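Got your viewer open and a free hand for clicking? Let's take a walk through this one together, one selection at a time.

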Amino acid sequence: MAFDIDMIKGVYSQMAERVDQARELVGRPLTLSEKILYSHLWDGKSNKAFTRGKDYVDFAPDRIACQDATAQMALLQFMQAGKPKVAVPTTVHCDHLIQAKSGAVADLKVANATSEEVFNFLESVSNKYGIGFWKPGAGIIHQVVLENYAFPGGMMIGTDSHTVNAGGLGMLAIGVGGADAVDVMAGMAWELKFPKLIGVKLTGNISGWTSAKDVILKVAGILTVKGGTGAIVEYFGEGALNLSCTGKGTICNMGAEIGATTSTFGYDASMERYLRATDRNDVADAANEVKAHLTADPEVYAQPEKYFDEIIEIDLNTLKPHLNGPFTPDLATPVGELGKKAKANDWPLKVDWGLIGSCTNSSYEDLTRAASIAKQAIDKKIKSKSDFGINPGSEQIRFTAERDGLLQIFEEVGATIFTNACGPCIGQWDRSDLKGDEKNTIVHSFNRNFSKRADGNPNTHAFVGSPEMVAAIAISGRLDFDPMNDTLINEDGEAVKLDMPLGIELPVNGFAVEDAGFIAPDEDGSGVSVKVSPTSERLQLLESFQPIENESLAGAKLLIKAQGKCTTDHISMAGPWLRFRGHLDNIANNTLIGAVNAFNQKTNFVKNQLTGEYMGVPDAQRAYKAAGIKTIVVGDHNYGEGSSREHAAMQPRHLGVAAVLVKSFARIHETNLKKQGMLGLTFVNESDYDLIKEDDTFNFVDIASFKAGQALTIEIKHADGTAHTIQVNHTYNDSQIGWFRAGSALNVIKKENAA
Ligand code: MIC
Ligand code: SF4
């Protein structure tokens, strides 16, 4: 039986009425995305047809998922909200804090010891507030959610950008910062700008070496890392029907890499099969009863150009396998063409590691397809030239894969089976084959490949591909290997070719597991005490942020002008810093250390305007803070791309940064800044970015009349006595301006609860 089946049935029981009403209001057939959005309005019934990309709308998500690295801050905030229990079903998953080193058993033991305090904290807070707890080793949040909680037509938010994975099961699942999750946990509405809609029509059929992963690698190449911003991507067409449910999950998962709010697919037979295979006949039966509402109206897919803001068509018959990278997930290259490109760009051709796993590609089907390649290597006597690492997506997948002999195949080619956790995907990887920062190449089936992400080495060139392609490339040891055309020399000196991969969608003998790793909360958790040691270096209770007063903004200094890509990994690095995710002051010591200073092209080396000295960004910022001077951060396009981590907003806020002024923002990060009571601003004229000099001081001329829909004016004073006055845009609505005035959104909740 499924978790929370009554909640799911409740959603379905209202769906018909709400969808019909919305259709009438909008006056035309509806896309699936619109059906889910309109059936999850906070006010219940809709009374207005919303304008996409413009109207802020209050929604009522059905559930929340958090992972250990973001849950700490989310729950520390929730603890301040003064509520006895979470208002909607919520789960916490321990997956980010487990380092991959020697193998699952040993690594898990080490993680349980080193992060004991954090895991205990999360378990006890979960128990106290009625939150389901998935312990370390249970699996990666998004696979566990897909296996247990996702349901067609539902709406979920999660404190992780890849929450969107659940679109594979026909949900609208959206990544948010912890403060957004706290609103919903506290029984309040969740606000989102009504998204634009991108339709992706899939024609033909996937076959051979091409896989679901290649669909999203291709889409990423078309839309780039910011092309999906503010939009939901809805996939449809005969090609969609022929993809497995977990394959759809892979496609939706990596929608985070194009900045999309989320991605989804209409309910179909593949989803029904998956629900039944994961012991949720009850959900499948309930979904079947409201089937028509769990996909778009037929007119929409017949003439998509009339209903979507943008249409992309991909012919799966001709789609080639891709490898994307290095350093950005949208640099898409068909496999056969990569050798030339690598040589031209001086990317190392020798591949040192192949890593299979991550929330994106760690399903049973993924493991079978990759294993079918590994098995050929054994049978055809090809010795793997690279090291191999595997992270299964969940204990259920791992247990089943072991029973079915898949893990043994990987081990036979020399792979290390790591814990069912994020591992190298989030820099939790003790990589021992490199001495220093050598230039090298790795291939993986993850979603992100930003600089330093997997191993902290800026010279590691990481390429993203499907698990089976990763297996083939790793076995060959060469980035320019094309398994569809090239041969490999085996141990007998013969030239042999790899046959195309074969996968098994769902285990023939069903899934099995002994201990899935779930701990249900107490019915009444009021007696549970949550302790945070005042001397802990891992956890710190939060103090309310003080509002940023208008006067304090006069004479604000430039902290850093960041150049080029500035993702949340650059603003608040993961890897070794994950250990401080529950301690704001300690993690603030990594603030913006990865951002490139536009004035000297160095990282973590900025001028402290008070002394003229160059120093690390956090050090300079702490000096401004001590002097009571507010600062601003200037950035390029898509600032804050990547993760949902609100640390990227809370740390600068904690250290006294008042405003972030950029060419454009990634959605989640912009909201996170607003939630924490900061100013997130964009240049009206992008070229004004070039006006900013190293010694600049800023005056927020008209901040006293900060209003929705009205640009602000900033005076930039240069050291030579000259000045410029520029206009900056913002997207704050009235209640978000209220957060700024109160110091944070949480301060507003606290005030309301106290009243
Ligand atoms: C990621 O993939 O970058 C993470 C780590 O899962 C993040 C969340 C985090 O920073 O904890 C995400 O994608 O939101
Ligand atoms: Fe974990 Fe990587 Fe997925 Fe983020 S993208 S949830 S780090 S597996």
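Before we set off, one term: the strands on this tour are DSSP runs of at least two residues marked E, numbered from the N terminus. Also keep in mind that what you see is a predicted model.

**Stop 1: an unusual peptide bond.** Select Pro326, which you'll find in the loop between β12 (322–324) and β13 (332–334). Now look at the bond leading into that residue: the peptide bond from Gly325 to Pro326 is cis, with omega near 0°.

**Stop 2: ligand 1.** Next, select ligand 1 and show its surroundings. You should get 14 residues, and the closest are Asp160, Ser161, Arg453, Ser644 and Arg645. What is the make-up of this shell by class? It has 2 nonpolar, 7 polar and 5 charged residues.

Zoom in on some contacts here. Asp160 puts a polar side-chain atom 2.6 Å from an oxygen atom of the ligand. Arg448 also brings in a polar side-chain atom, this one 2.8 Å from an oxygen atom of ligand 1. With Ser644, look at the backbone instead: an N or O atom there lies 2.7 Å from a ligand oxygen. Try a surface view too, since the protein covers 97% of the 340 Å² of accessible area that ligand 1 has on its own.

**Stop 3: ligand 2.** Keep Asp160 and Arg453 selected, because both also belong to the residues around ligand 2. Among the others there are His96, His142, His162, Cys359, Cys422 and Cys425. By class, this shell has 5 nonpolar, 5 polar and 2 charged residues.

**Stop 4: ring on ring.** Time to colour the aromatics; the structure holds 23 aromatic pairs. Pick out Phe3 and Phe518: their ring centres are 4.9 Å apart and their planes stand at 70°, so the pair is edge-to-face. Where does each partner sit along the chain? Phe3 is in the segment before α1 (5–26), while Phe518 is in strand β21 (residues 518–519), and 515 residues separate the two.

Are these rings buried or exposed? Phe3 is partly exposed, with a relative accessible area of 27%, and Phe518 is partly exposed as well, at 28%. Now add Trp134 and Tyr149 to your selection, and you have a cluster linked by ring pairs.

**Stop 5: charges over a ring.** Jump to Tyr689. The charged end of Lys561 sits over its ring, 4.4 Å from the centre. Then show Lys663, which lies over the face of Tyr689, at 4.4 Å from the ring centre.

**Stop 6: a loop with positive phi angles.** Select the loop between α20 (584–587) and β23 (606–607), where Gln601 has its place. Gln601 is not a glycine, yet its phi is positive, about 60°. Move along to Asn604, in the loop between α20 and β23. What is the phi of Asn604? It is positive at about 50°, although Asn604 is not a glycine either. Asn604 counts as partly exposed, with 28% relative accessibility.

**Last stop: Gly456.** Finish in the loop between β17 (440–444) and β18 (460–464), where you'll find Gly456. Gly456 counts as partly exposed, at 33% relative accessibility. Add Trp429 and draw a distance from C-alpha to C-alpha: the two are 9.0 Å apart in space and 27 residues apart in sequence.

How values were computed
Residues are numbered from 1 along each chain as its sequence is written. Chains are lettered from A and ligands numbered from 1 in the order in which they are written. This is a predicted model: local features need pLDDT of at least 70, side-chain atom pairs count only at pLDDT 80 or more; totals for chains, interfaces and linings use all residues. Side-chain values use heavy atoms; hydrogens and water are left out. A residue is near a molecule or strand if one of its heavy atoms lies within 4 Å of it. A polar contact is a pair of N or O atoms within 3.5 Å; within protein, one must be able to donate a hydrogen and the other to accept it, and residues adjacent in sequence count only if both atoms are side-chain atoms. Accessible areas come from the Shrake-Rupley method with a 1.4 Å probe; for residues, only the protein chains shown count as cover. Ala, Val, Leu, Ile, Met, Phe, Trp, Tyr, Cys and Pro count as nonpolar, Asp, Glu, Lys and Arg as charged, and the others, Gly among them, as polar. Rings of Phe, Tyr and Trp (its six-membered ring) pair if their centres lie within 6.5 Å; planes under 30 degrees apart count as stacked, over 60 as edge-to-face and the rest as tilted. Helices (H or I, at least four residues) and strands (E, at least two) are DSSP runs, numbered from the N terminus. Buried means under 20% relative accessible area, exposed over 50%, partly exposed in between (1.4 Å probe, protein chains only). A charge sits over a ring if NZ of Lys or CZ of Arg is within 6 Å of the ring centre and within 35 degrees of the ring normal.
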